[in-house]
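Take a look at the sequence and the model below. Then read on for a short tour of two places in it.

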Amino acid sequence: MELHDKLEIKFRLDVNQKRALNKLKLFSVSDLLFHFPIRYSDISEVKRVVDLIPGDMATVYGKISKLKTKKGFRSKIPMAEGQIEDLSGKIKITWFNQAYLAKMLHDGENVKLTGKVTQGKNGIYLANPEFEKMLDMPIDSHDTLFRNPTLLREGLGEGLSYPIYAETRGITSKWFYHAIEKILREKSLDNLEDYIPADILKKYSLPTLKTALIWIHKPKNKNDAESARKRFAFEEVFCIQLERQHDKFEYRKNKSFQIRPEKKDVQDFLERFPFKPTNSQSKSIETILADMTKNFPMSRLLEGDVGSGKTAVAATASYVLLKDNLQTAYMAPTEILANQHFYSFIQYFTHTGIQIGLITGSGCKKFPSKINPKEATIISRAQLLKWVANGQIPILIGTHALIQKTVKFKNLALVVIDEQHRFGTAQRRKLVRKDGVAPHLLSMTATPIPRTLALTIYGDLDLSLLDEMPAGRKQIITEIITPNKRLETYEKIRQELKNGRQLYVICPRIFEPDPEKELALNVKSAVEEAKRLKKEIFREYEIGVLHSKMSKEKKEEVMQEFTEGKIHILCATSVVEVGVNVPNATVIIIEGAERFGLAQLHQLRGRVIRSTHQAYCYIFAEAKSEKTIARLKALKTAKNGFELAELDLTLRGAGELGGTKQWGITDLGMEAIKNIKMVEAARTEAIRLIEEDPELIKYPLLKAKVKSKAGEFHFE
Ligand code: ADP
Ligand code: MG
């Protein structure tokens, strides 16, 4: 079998299997080999048939017979049946829904079966066992197995676990197991070359590609499986790093506007702030200004919690461009935020007399208005674009409409990107002018992620951290509430409501589960909780509901009513973006807190941070476990979201951070994120390789691998 062979040629596939493989994007033999097990089945014990007890996961060795397929009596599902016999006795086997298995085995063959011993109406049987043919092995006695050291060494004596693959409708884990077994048996890997350079594998004691593929699918023991997973986890981070480092290398090849900021001038600008910058703000400003004095463009990420003062840093970076008539584009993720930034910038820049523009999908504005120099005014898009093109407007704020082709700048020297996950190669290319001059890039984020993850996904950026909050800021008083304190907490909150404040209640679910279809989990839903609070607790207040299944109009209506104070209590789910800040909402309850990561809880409570009144966050936990409560208590002591993200990673693992979807990293790759040494190794090696050989000319296999993994990878 060749690695590029199409699966439909090498395997007999029915319509459902074809559809399932398509859905999983598995087309070739090679694709299948890189479809890794998600875990390995529980280690089961090798047992004699007479010793089997219902409920056990057990492995038996014996001869198989009486194989046949039939349809379930009532259900009509196709099933396969048979029996296995060893020296001690025999037991029935049933495979539900997997009739094809009966065709893969033959009466009289010696096999190893691992499955659950199940009590049926007519005695016990082995349900849906995994099987392996024992070709050359004389399995005549259970005892020989334990006396035979070779078998034990090979793991057979332990009934070594089977790989379990993610299933989808139409295809089972077992199908993968047998298909991959066949590929490996046919020596398809013999000519496989490794794309990771051998010296790197050696340096970090990682198995070669061929070995790792065998070990990940058919490990002889736990260590082999772990080394294989380690290799693939390293490989994933390494490939991401190569792509990011190449990106960085490419962007740095451009020229930039070199800024020569004057200390005194910057000092004056900072002194106009109605506050003293924090140490980390000063440090970040210094680093950013130093970056901008270079003759290649800056690529920097500024990380800082909500409220840590990123806007002031960005404003200072924009300010130093003014005296050379250079321009800044400031991109926000939503219109609401673009508007907020527009007005913040007006505050920061009024004294300079410059013009500031705003461009969003729903219209354009300019400050100052000709008629009223203290106000902004609505202008036409055409007018705005004209003034941006001739340089009359040095600072333009907007949504991503901002970097579209129609928006032409005279001298764009700085692009600030607020809270966008990644501003990839393609988007950056658009910013490079024909004469090879590219703007400095400043990305900003409040999403708390651990350092290892930041180093990986933002590998193309240099990092600056705002890790302290402005002095004098009122801390959110955070309490962990166990069930027995629930009622007294509601009374405390009632006091705040009486003083005219408002309350958010965050619930893990939208609706109650349908008891017909789902287990009734003891989890609050926004819809039901709103009804319950109205009926039992806060009768005198208006309660609204907000969740993602509502129409956009309805959502806006509810948000508007909450902003205006017509609704006092808002029950929402965590996924709902409560976009607008309602400064009067000073209390937040988070229900079912044990289901959330610490960093996520921190972000949720950030919704009440902007108010001038004292803010409160009540974390309602149902669990009584000491460990859970101890974990949640970190919310009272941690200094910032990044610290909490690190804690999530150490306490609950990378799964807590959300995988593939959010960061474009597989679950296996996320395993590497736990390991700072591995991430640093992958980064160091990637930087070295790109420095030595930016286009990876000496490493064509590696280049192809990186290209296939990264959608927007641009090697020349
Ligand atoms: P971020 O964008 O990081 O969430 P902002 O830049 O919007 O935060 O700042 C939040 C608020 O804090 C703003 O009202 C801002 O004026 C104020 N602020 C910023 N830096 C400081 C500081 N060093 N001391 C006091 N207040 C500050
Ligand atoms: Mg901000």
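This report covers a ligand site first and a strand second.

The model is predicted: local features need pLDDT of at least 70, side-chain atom pairs count only at pLDDT 80 or more, and totals for chains, interfaces and linings use all residues. Residues are numbered from 1 along each chain as its sequence is written, chains are lettered from A and ligands numbered from 1 in written order, and side-chain values use heavy atoms, without hydrogens and water.

**The ligand site**

Around ligand 1 there are 15 residues, and Gln281, Gly307, Lys310, Thr311 and Arg473 come nearest. Here, near means a heavy atom within 4 Å. The shell divides into four nonpolar, six polar and five charged residues. Gly counts as polar, while Asp, Glu, Lys and Arg count as charged. The table gives polar contacts, pairs of N or O atoms within 3.5 Å.

| Ligand 1 atom | Backbone partner | Distance |
|---|---|---|
| nitrogen | threonine 278 | 3.5 Å |
| oxygen | glycine 307 | 2.6 Å |
| oxygen | glycine 309 | 3.0 Å |

The protein covers 75% of the 560 Å² of accessible area that ligand 1 has on its own. Such areas come from the Shrake-Rupley method with a 1.4 Å probe.

**Strand β16**

Strands are DSSP runs (E, at least two residues). Strand β16 spans residues 440-445; six of its six residues are buried, so the rest of the structure largely encloses it. Buried means under 20% relative accessible area (1.4 Å probe, protein chains only). His440, Leu442 and Met444 point one way, and Leu441, Ser443 and Thr445 the other.

Strands pair if DSSP finds at least two bridges between them. Strand β9 (residues 299-304) runs parallel to β16, joined by five bridges. Strand β15 (residues 412-418) also pairs with β16 in the parallel sense, over five bridges.

Technical notes: A polar contact is a pair of N or O atoms within 3.5 Å; within protein, one must be able to donate a hydrogen and the other to accept it, and residues adjacent in sequence count only if both atoms are side-chain atoms. Buried means under 20% relative accessible area, exposed over 50%, partly exposed in between (1.4 Å probe, protein chains only). Helices (H or I, at least four residues) and strands (E, at least two) are DSSP runs, numbered from the N terminus.
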